[in-house]
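Visitor: I'd like a close look at one strand in the middle of this fold, and how the rest of the chain is arranged about it. Could you take me through it at bench-side pace?

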Amino acid sequence: MQLNHARILLTGSTGGLGRALALQLAQAGAGLLLAGRDAARLAALNADLGAGHSSVRADLTRPEGVAAALGAARDFGVNVLINNAGIGGFGLFDRQGWPTVAQVLDTNLEAPMRLTHALLPLLRERPEAAIVNIGSTFGSLPFAGFAAYSAAKAGLRGFSQALRRELADTPVAVIHLSPRAIDTPLNTDAVNALNRALKNRSDSAEVVARQVVAALRRGDGERHFGFPERLFAWLNGVAPGLIDRGLAGKLAIIKQHAPNR
Ligand SMILES: NC(=O)c1ccc[n+]([C@@H]2O[C@H](COP(=O)([O-])OP(=O)(O)OC[C@H]3O[C@@H](n4cnc5c(N)ncnc54)[C@H](OP(=O)(O)O)[C@@H]3O)[C@@H](O)[C@H]2O)c1
């Protein structure tokens, strides 16, 4: 896709990856409709991008937030939706309260599905359109200590693949991208400590944003970012027992870092 013709609704634009994406996409000539919950941070980012962009304040876990995003997308002439908003959820499943689990599922899976459902009629009318879903390595390599988050991201991956196949005879491309850990505020001190203890590598938001922009330009269907994460995600698909055994050896470290609630 030629980005200088793109009109992009970017959710989670005020976050770490979102901000880097907004700056790089604007640089490439795209028009940005920035979505987020924090009015002050939205206004600051909008000002940094300069003229020709817009913003909408929307909590996407609420029907009125989805309606606000849809109205703004219609006015802005959106032809690309980037479902990037998300929250983390590190913790042992039986120690997490249900409201936390529900919030993780709602924000990371149901909200992007709802927004996609609301915007699809509009996207179908464009000569060229795309939906980009920001998943996670954990969507293909479900991880101990991240049961709800892994379930949500695996769900987002399944949704993306099914929808891509369903929209194969339309101008709407569905792109699903799986970054490994990114240095952003999504990761708590406990997650950063766990990643250091497990020697899990992480990428800067700028590097991941460059990979997302390149994937959108090429029109990739699926892409995993980072090695060896890409290999382990594949291995989990063909021989999950090997990953079970590998992660069993790390369980004590994961438990040691997991928050108590
Ligand atoms: N960081 C990582 O290690 C990592 C790794 C792989 C994948 N990812 C994925 O990358 C994406 C971006 O994450 P990030 O690392 O940039 O996180 P981040 O810095 O915490 O930013 C998250 C963004 O999501 C928005 N958001 C959260 N809940 C929302 C809601 N209910 N309604 C609307 N917006 C909401 C936040 O907006 P507010 O300003 O309103 O809070 C913020 O803009 C997420 O989908 C995440 O799962 C992250």
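Guide: Sure, let's settle on β5, where both faces are covered: A129, I131 and N133 are buried on one side, and A130, V132 and I134 are buried on the other. Keep in mind that this is a predicted model. The split into two sets of three follows a familiar pattern: side chains in a regular strand alternate between the two faces of the sheet. Buried here means under 20% relative accessible area. By that cut-off, 6 of the 6 residues of β5 are buried, so the strand is largely enclosed by the rest of the structure.

Now for the neighbours. Strands in a sheet pair through backbone hydrogen bonds, in either a parallel or an antiparallel way. On one side of β5 you'll find β4 (residues 80–83), joined to β5 by 4 bridges, with the two running parallel. One partnership to click on is N83 with N133 of β5. To get from β4 to β5 the chain goes through helix α4 (residues 98–124), and this β-α-β crossover is right-handed.

The other neighbour is β6. Strand β5 (residues 129–134) pairs with β6 (residues 172–178) in the parallel sense, over 6 bridges. Here A130 has A173 as its bridge partner, while V132 stands opposite I175. The chain travels from β5 to β6 by way of helix α5 (residues 147–166), and that β-α-β crossover is right-handed too.

Zoom out a bit and β5 turns up as part of an open sheet of 7 strands, with parallel pairing and the order β3-β2-β1-β4-β5-β6-β7. The edges belong to β3 (54–57) and β7 (222–224), each of which pairs on one side only. On average, neighbouring strands in this sheet are turned by 15° against each other, ignoring direction.

Helix α5, the one we met between β5 and β6, also leads us to the ligand: α5 and α1 (16–27) each supply at least two residues of the shell around the ligand. In total, 31 residues surround the ligand, and the closest are T14, G16, R41, Y149 and T184. For polar contacts, start with D59, whose side chain has an N or O atom 2.9 Å from a nitrogen atom of the ligand. L60 joins in with a backbone N or O atom that lies 2.9 Å from a ligand nitrogen. L186 has a polar backbone atom 3.4 Å from an oxygen atom of the ligand. Taken alone, the ligand exposes 900 Å², and the protein buries 93% of that.

Before you go, have a look at two backbone oddities. Most residues other than glycine have a negative phi, and most peptide bonds are trans. K199 isn't a glycine, yet its phi is positive, at about 60°. You'll find K199 in the loop between α6 (189–198) and α7 (205–218). With 71% relative accessibility, K199 counts as exposed, whereas the residues of β5 are buried. The other oddity is the peptide bond from F227 to P228, which is cis, with omega near 20°. P228 sits in the loop between β7 and α8 (229–238), and β7 is one of the edge strands of the sheet.

Notes:
Residues numbered from 1 in each chain as written. Predicted model: local features only at pLDDT ≥ 70, side-chain atom pairs only at ≥ 80, totals over all residues. Heavy atoms only, no water. Pairing = 2+ DSSP bridges. Axes fitted to C-alpha atoms, helices over the stretch in contact; angles between N-to-C directions. Buried < 20%, exposed > 50% of the residue type's maximum accessible area, 1.4 Å probe, protein only. Right-handed = clockwise from strand over helix to strand, strands pointing away. Near = heavy atom within 4 Å. Polar contact = N/O pair within 3.5 Å; in protein donor to acceptor, adjacent residues only side chain to side chain. Areas by Shrake-Rupley, 256 points an atom, 1.4 Å probe, with all protein chains shown as cover.
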